[in-house]
Amino acid sequence: TMGPIREFATLACESAAEGSPLALLSRRDSHSGNGATDANDVALRPGVPRNVSKDLLDEAVTLLFAGQDTSAATLSWTLHLLSLHPEKQERAAEEVRSVLRESRTADNEARAATTIVSKS
């Protein structure tokens with residue numbers, strides 16, 4: 001199941017933009033892929049470029065995919081805490097409704113202006 005994830009991470013390592021965390025890590029001796037001799041090293045496996053070390057690939061997987069579990073856990077915990085404090089939950093819900101009302105009003109105004117301009 002890790003195959004597609006590692007493949008995506010490999011592509012990210014190969015095409016890392018200058019100055020990005022992966023590009024900076026790839027310049028470190030520990031992550032450069034130079035001198036890899038371990039047969040289990042990802043850099044020596046068929047189909048994986050030699051310039052992507054196992055350490056760099058592991059870092060890429062962490063940077064690219066670890067955040068989603070953290071976000072889900074944070075959101076779940078936030079919802080749990082709100083359920084324990086109904087007054088805070090209602091205050092947060094009202095704020096969301098207010099922002100959505102403002103957003104809808106702005107969207108409606110933008111649509112009306114677009115309609116007027118397109119009919120002119």
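**Helix packing, nonpolar core and salt bridges in a four-helix chain**

Leu 11, with a relative accessible area of 48%, is partly exposed, a class that lies between buried (under 20% relative accessible area) and exposed (over 50%), as computed with a 1.4 Å probe and protein chains only. Leu 11 lies in helix 1, and its C-alpha is 9.8 Å from that of Leu 57, although the two residues are 46 apart in sequence. The model is a predicted one, in which local features need pLDDT of at least 70 and side-chain atom pairs count only at pLDDT 80 or more, while totals for chains, interfaces and linings use all residues. Residues are numbered from 1 along each chain as its sequence is written, and side-chain values use heavy atoms, with hydrogens and water left out.

The chain contains four helices and zero strands, where helices (H or I, at least four residues) and strands (E, at least two) are DSSP runs numbered from the N terminus. Read from the N terminus, the order of elements is α-α-α-α. Of the 120 residues in the chain, 17% are buried. The chain exposes about 9000 Å², of which carbon and sulfur atoms supply 58%; these accessible areas come from the Shrake-Rupley method with a 1.4 Å probe, and for residues only the protein chains shown count as cover. Among contacts (heavy atoms within 4.5 Å) between residues at least 6 apart in sequence, 52% join residues at least 24 apart.

The largest nonpolar core has 10 residues, namely Ala 9, Ala 12, Cys 13, Leu 22, Leu 25, Val 52, Leu 56, Leu 57, Ala 60 and Val 61. A core of this kind is a set of buried Ala, Val, Leu, Ile, Met, Phe, Trp, Tyr and Cys residues joined through side-chain atoms within 4.5 Å. At least two residues of this core come from each of helix 1, helix 2 (21–26) and helix 3, and helix 3 gives the most, with four residues. Ala 12, one of the core residues, is in contact with Leu 22 and Leu 64 when its neighbours within four places in sequence are left aside.

One aromatic pair is counted under the rule that rings of Phe, Tyr and Trp (its six-membered ring) pair if their centres lie within 6.5 Å, with planes under 30 degrees apart taken as stacked, over 60 as edge-to-face and the rest as tilted. The pair is formed by Phe 8 and Phe 65, which are edge-to-face, with 5.9 Å from centre to centre and 65° between the planes. Because Phe 8 lies in helix 1 (residues 3–14) and Phe 65 in helix 3, the pair ties together parts that are 57 residues apart in sequence. Both rings belong to partly exposed residues, the relative accessible area being 45% for Phe 8 and 24% for Phe 65.

Phe 8 also takes part in a nonpolar patch on the surface together with Leu 63 and Leu 64, the accessible area of the three being about 280 Å² together. Patches are made of residues with over 30% relative accessible area and no salt bridge, like charges being joined within 9 Å and nonpolar side chains (Val, Leu, Ile, Met, Phe, Trp, Tyr) within 5 Å. Leu 63 lies in helix 3 (residues 54–84) and, at 47% relative accessibility, counts as partly exposed.

A search of the whole structure finds six salt bridges, each defined as a side-chain nitrogen of Lys or Arg within 4 Å of a carboxyl oxygen of Asp or Glu. One of them joins the side chains of Asp 58 and Arg 6, with 3.3 Å from N to O. Since Asp 58 lies in helix 3 and Arg 6 in helix 1, this pair ties together parts that are 52 residues apart in sequence. Asp 58 is partly exposed at a relative accessible area of 23%, and Arg 6 is likewise partly exposed at 25%.

In helix 4 (residues 86–119), Arg 97 and Glu 94 are three residues apart, about one turn of the helix, and they form a salt bridge whose closest N and O atoms are 3.3 Å apart. Glu 94 also forms a salt bridge with Arg 101, with 3.0 Å between the closest N and O atoms. These residues belong to a network of salt bridges that links Glu 90, Glu 94, Arg 97 and Arg 101. Within the network, Arg 97 is partly exposed at 36% relative accessible area, Glu 94 is partly exposed at 34%, and Arg 101 is partly exposed at 43%.
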